[in-house]
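Biologist: Hi! Could you walk me through this structure when you have a moment?
Modeller: Happy to, let me put it on the screen.

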Amino acid sequence: MTTTSPPTPQALLTRINTNAARDNIDFTVLPFHKEALDSITKLHEEATTIVLPDFTNATKIDTHTHPVPSWFRTLELSAAGRETPSWNVTDHLAFMSARGIRRSILSVSTPQANAFASPSKFERDAELRKKKTVALARLLNEYAAEVCRIWPERFSWLGVTALPFVEESVREVGHALGLGAVGISILTNAEGLYPGDAAFTPLWRFLEERAGRHGREVVFIHPTDPVIALDDGTLISSRPSPLRSGLGEFYFETARALSSLIASSPPYNSTLLKYPSLHWRISHGAGAFPDISERFLLGFPNESAAAREAYKTRCWYDSAGPVWPRQIKGVLEGMGVGVGQCVFGTDYPYGIGFWDVDENIAGLADAGFIPGEEREGVLWRNARELWRGKIAL
């Protein structure tokens, strides 16, 4: 399953460093950059030792999984109030095989490249914070790209951005898509700015124009902690509850992000409606959004009809978390979304130990209120439709 002619470690490093220099990215601002680069080249060594499990009867496509390079875990030891899990390709492949998962879509989880904007490790020097964010985004993308280059039959990936730095994000997204990313992954907010903020318009315009040449583009929205910027630019947590974010705040963040994509009052400009070739992958069954969607749309009567249609045709909702068979009814019955917009996701490895992943899968597999053919759609066929021509079953 490995590529027939893998690059030598030196050739791989030369390519990565040459492209970084071209894009004015300075890896040395990150104290762990050498470890990160080494981990990318060592993926090829790992490939020679892995005994691949059996995927003969595997059909599922897992649209919500997260690689966790060891250096990224060290950087961010806590995730949503829980210990950041360990991860490696061997364990991930074993997890997939045991649950009939043929392909996993990788996307780096929170804080992605925004580690230096988190209140716990806030970098006050704005220019240095930008340099670190840009460098981290590139290293994360190169790592995920190499995993998928080595195991192309099992993994695809979504590139991360350098948001809120828009010009740098357009460049980074172009680089990631050029490396083979099948879309991009963003957080519900980037330094307090939500996806529908007009400041992000150049990125969405870039993707819309690219979609005209390559078909639809996919944007995955993953929750992160809310923050607020003080007058001096310092970012502080705005999480109102002392409970850890994974217990609820992430679901409200998802609702805020989706709301921002529809709102037409400043600083928002109906991003979801302005860019019809962008398809939005929404985490955790849309979180809290189904409960507020109708009340929210009362504030935007001119956009409400088009928004409801977009929710049903260009938003795709995953099953990660205890979504099926109860929570999903908010999407299906409350928002009137068809099962054809639902995709399978496990949140591996972050979900392990938080909820029973197998019980979560069973909640979908045993959902008596949808026909068996539609359940098969959720498990793999809908994802293939979302990424038409970009991933293979």
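Modeller: Below we go through the pockets, a sheet and a few backbone details.

Biologist: Great. What should I know before we start?
Modeller: This is a predicted model, where local features need pLDDT of at least 70, side-chain atom pairs count only at pLDDT 80 or more, and totals for chains, interfaces and linings use all residues. Residues are numbered from 1 along each chain as its sequence is written, and side-chain values use heavy atoms, with hydrogens and water left out.

Biologist: Pockets, then. How much space lies in the largest pocket?
Modeller: About 450 Å³. A pocket here is an open set of points on a 1 Å grid over the protein atoms alone, where a 1.4 Å probe fits, with protein on both sides within 12 Å along at least five of seven lines. The volume is the space filled by probe spheres set on the points, and grid points are joined across faces, edges and corners.

Biologist: And which residues lie nearest its centre?
Modeller: Glu 76, Ser 118, Pro 119, Thr 224 and Asp 225, out of 25 that line the largest pocket. Lining residues have an atom within 4 Å of a point.

Biologist: Which strands supply at least two residues of that lining?
Modeller: β2 (78-79) and β10 (235-237) each do. Strands are DSSP runs of E with at least two residues, helices are runs of H or I with at least four, and both are numbered from the N terminus.

Biologist: How does the lining of the largest pocket split by class?
Modeller: There are 10 nonpolar, 10 polar and 5 charged residues. Ala, Val, Leu, Ile, Met, Phe, Trp, Tyr, Cys and Pro count as nonpolar, Asp, Glu, Lys and Arg as charged, and the others, Gly among them, as polar.

Biologist: What about the second largest pocket, what is its volume?
Modeller: About 200 Å³. Its lining has 7 charged residues, along with 2 nonpolar and 1 polar. Among the lining residues are Asp 23, Asp 26, Glu 127, Lys 130, Lys 131, Glu 168 and Arg 171.

Biologist: Which element gives the largest share of that lining?
Modeller: α5, with 4 residues. Both α5 (126-150) and α6 (166-179) supply at least two.

Biologist: I see α5 sits against some strands. What is the strand order in that open sheet?
Modeller: The order is β1-β4-β5, with parallel pairing across the 3 strands. β1 (60-65) and β5 (155-157) are the edge strands, each pairing on one side only. Neighbouring strands of this sheet are turned by 25° against each other on average, direction ignored. As for α5, this helix packs on the sheet, touching β4 and β5, and its direction makes about 155° with that of β5. Contact means heavy atoms within 4.5 Å, while axes are lines fitted to C-alpha atoms, for helices over the stretch in contact, with angles from 0 to 180 degrees between N-to-C directions.

Biologist: How many bridges hold each pair?
Modeller: β1 and β4 pair over 4 bridges, and β4 (residues 101-106) is joined to β5 by 3. Two strands pair if DSSP finds at least two bridges between them. On the β1 side, Thr 65 has Leu 106 of β4 as its bridge partner. Towards β5, Ser 104 is partnered with Phe 155, and Ile 105 stands opposite Ser 156.

Biologist: Is β4 enclosed or open?
Modeller: β4 is largely enclosed by the rest of the structure, because 5 of its 6 residues are buried. Buried means under 20% relative accessible area, exposed over 50%, and partly exposed in between, with a 1.4 Å probe and protein chains only.

Biologist: Switching topic: which peptide bonds are cis?
Modeller: One is the bond from Trp 324 to Pro 325, with omega near 5°, and another joins Tyr 348 and Pro 349, with omega about 0°. Pro 325 is in the loop between β12 (315-318) and α12 (329-334), and Pro 349 is in the loop between β13 (342-343) and α13 (357-365). Most peptide bonds are trans, and most residues other than glycine have a negative phi.

Biologist: Where does Asp 347 sit, then?
Modeller: Asp 347 is also in the loop between β13 and α13. Its phi is positive, about 65°, although Asp 347 is not a glycine, and at 7% relative accessibility the residue counts as buried.

Biologist: And what is phi for Glu 191?
Modeller: Near 55°, again a positive value. Glu 191 lies in the loop between β7 (184-187) and α7 (201-214) and counts as buried at 16% relative accessibility.
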